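Hi there,

Here is the structure I promised to pass on to you. Have a look at it first, and then read my notes below with the picture open beside them.

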Amino acid sequence: MCIKDRLLYKTVNLNSRHRHSGTNNKPLFKFRSKDTFKFLHSVRVKSIEIPFSWYHISSRYNSVEITAGNVFTVTIPVGNYNPTDLVTEIVTQCNAGDTVATWTGTYSAVTMKITLDRGAGTFTMNTTVGDFGLFEIIGGADMHTS
Amino acid sequence: MWTSPNVVQMVPRYITVHSNKLSFQNWLSEHPNKVSGSGSNAKNEVGKDNVIMKVPVDVSSNNVVIYSSELEEKYEVQITLLKELDFYLEDQNGADLDLNGLNWSITLEVWQLNPNFGGDEFLKEKFVKGIK
């Protein structure tokens, strides 16, 4: 008799609501002594249900520093945005931070890319400064000078 | 004027589910849903042996990401006694996933030796014969 013939399994459903400790994002479950698994062999993940309740533009991905004559930081309020609303918010922030030029921006549903325009002026997104997650979100690659 | 060289990423492509207690020793090499290794972030995640599942995000916000594995394969774990289980969720870039107070669930099939068969031989097979 091979070992596979001697195995049995139990299905365990764990909800972070019923955690012993930790948080709903990082739950720790403790089994009662009678439910402890001994001679554990293997585990199969059958299913996972995760509510899409996180903010895609979170505090990690919501800012980028821009040099456009003066230096300012664009910080987008955390939340979920569609691309057009995100561009609008970025442009609003740029116009608030830039003391000289007027910014415009568009999102192309065809190319799925963002275009930012500082009128006649140039600008740089300082991706080496701080957390530049927003730069990645909007499709940036490396440090850019317009 | 600047046009983004890459497309806008409005939603994460996938979530990774981690567990320090469950370390699937054959996950990285054999799991069909493993991190591909493309891109610098993915490359980092390949090295994490506590990634137990990569869940594709195929819904928009305010919906529920539901992943049901149709695979029958089980993954051997490095422990023989399971008293507690921990999990944590990260986005594709390795950042903690903040569900803003909502809860999530996971269903596992936990395989163990039938107690009627005793455990000595099982332990010998698992640890002496080289599974671990």
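Strand 7 and strand 8 of chain A run antiparallel and are joined by five bridges. To find one place along this pairing, look for A:Gly105, which stands opposite A:Leu116 in strand 8 of chain A. Please keep in mind throughout that this is a predicted model.

The pair belongs to an open sheet of three strands, in the order 7(A)-8(A)-1(B), with antiparallel pairing. Strand 7 (104-108) of chain A and strand 1 (2-3) of chain B stand at the edges, and each has a single partner strand, so one side of each is left without a neighbour in the sheet. Helix 1 of chain A packs on this sheet, where it touches strand 7 and strand 8 of chain A. The direction of the helix makes about 165 degrees with that of strand 7 of chain A. As general background, strands of a sheet pair through backbone hydrogen bonds, either parallel or antiparallel.

Staying in chain A, move to strand 5 (residues 63-68), which pairs with strand 6 of chain A in the antiparallel sense over six bridges. The two strands form a hairpin with one residue between them, and there A:Gly69 takes a positive phi near 85 degrees. Strand 5 of chain A is also joined to strand 9 (residues 124-125) of chain A by two bridges, and these two run antiparallel as well. A good residue to click on is A:Ile66: its bridge partner in strand 6 of chain A is A:Phe72, and its bridge partner in strand 9 of chain A is A:Met125.

After strand 6 (70-75) of chain A comes a loop that leads to helix 1 (83-97), and A:Gly79 lies in that loop. Is A:Gly79 buried or partly exposed? It counts as partly exposed, because it has 14 C-beta neighbours inside 10 Å, whereas a buried residue needs 20 or more. Leaving out residues up to four places away in sequence, A:Gly79 touches A:Tyr55 and A:Ile57. A:Leu28, by contrast, is 28 Å from A:Gly79, C-alpha to C-alpha, and 51 residues apart from it in sequence.

A:Leu28 takes us across to the other chain, since its bridge partner is B:Asp86 in strand 6 of chain B. Three bridges link strand 3 of chain A with strand 6 (residues 84-86) of chain B, and the two strands run antiparallel.

How many residues of chain A are in contact with chain B? There are 60, and they meet 68 residues of chain B. On the chain A side, strand 1 (7-15), strand 3 (27-30), strand 4 (40-51) and strand 8 (113-117) each supply at least two residues. Strand 4 of chain A gives the most, with 12 residues. By type, the chain A side divides into 28 nonpolar, 20 polar and 12 charged residues.

Now for chain B itself. It has three helices and eight strands, and along the sequence they follow the pattern β-β-α-α-β-β-β-β-β-β-α. Of its 132 residues, 29% count as buried. Among contacts in chain B with a separation of 6 or more, 72% come from residues 24 or more positions apart.

Chain B also has an open sheet of three strands, in the order 3-2-7, and its pairing is antiparallel. Strand 3 and strand 7 (88-91) of chain B stand at the edges with a single partner strand each, so one side of each has no neighbour in the sheet. On average, neighbouring strands here are turned by 25 degrees against each other, direction ignored. Strand 2 and strand 3 of chain B are joined by five bridges, and in this pairing B:Val17 has B:Met53 as its bridge partner.

Both of those residues are also in contact with A:Ile48, as are B:Val55, B:Tyr67 and B:Ile106. A:Ile48 belongs to the largest nonpolar core, which has 32 residues. A:Ile48 is among those with the most contacts inside this core, along with A:Val43, B:Ile15, B:Val17, B:Val55 and B:Val110. Strand 4 of chain A gives two or more residues to the core, and so do strand 2 (14-18), strand 3 (51-56) and strand 8 (105-113) of chain B. Apart from it lies another core, of 23 residues, including A:Ile66, A:Val87, A:Leu116 and A:Ile137.

Enjoy exploring!

Definitions and conventions: Residues numbered from 1 in each chain as written. Chains lettered and ligands numbered in written order. Predicted model: local features only at pLDDT ≥ 70, side-chain atom pairs only at ≥ 80, totals over all residues. Helix = DSSP H or I, 4+ residues; strand = E, 2+ residues; numbered from the N terminus. Buried ≥ 20, exposed ≤ 12 C-beta atoms within 10 Å, placed from the backbone. Contact = placed C-beta atoms within 7 Å. Nonpolar A, V, L, I, M, F, W, Y, C, P; charged D, E, K, R; others polar. Pairing = 2+ DSSP bridges. Core = buried A, V, L, I, M, F, W, Y, C linked by C-beta atoms within 7 Å. Axes fitted to C-alpha atoms, helices over the stretch in contact; angles between N-to-C directions.
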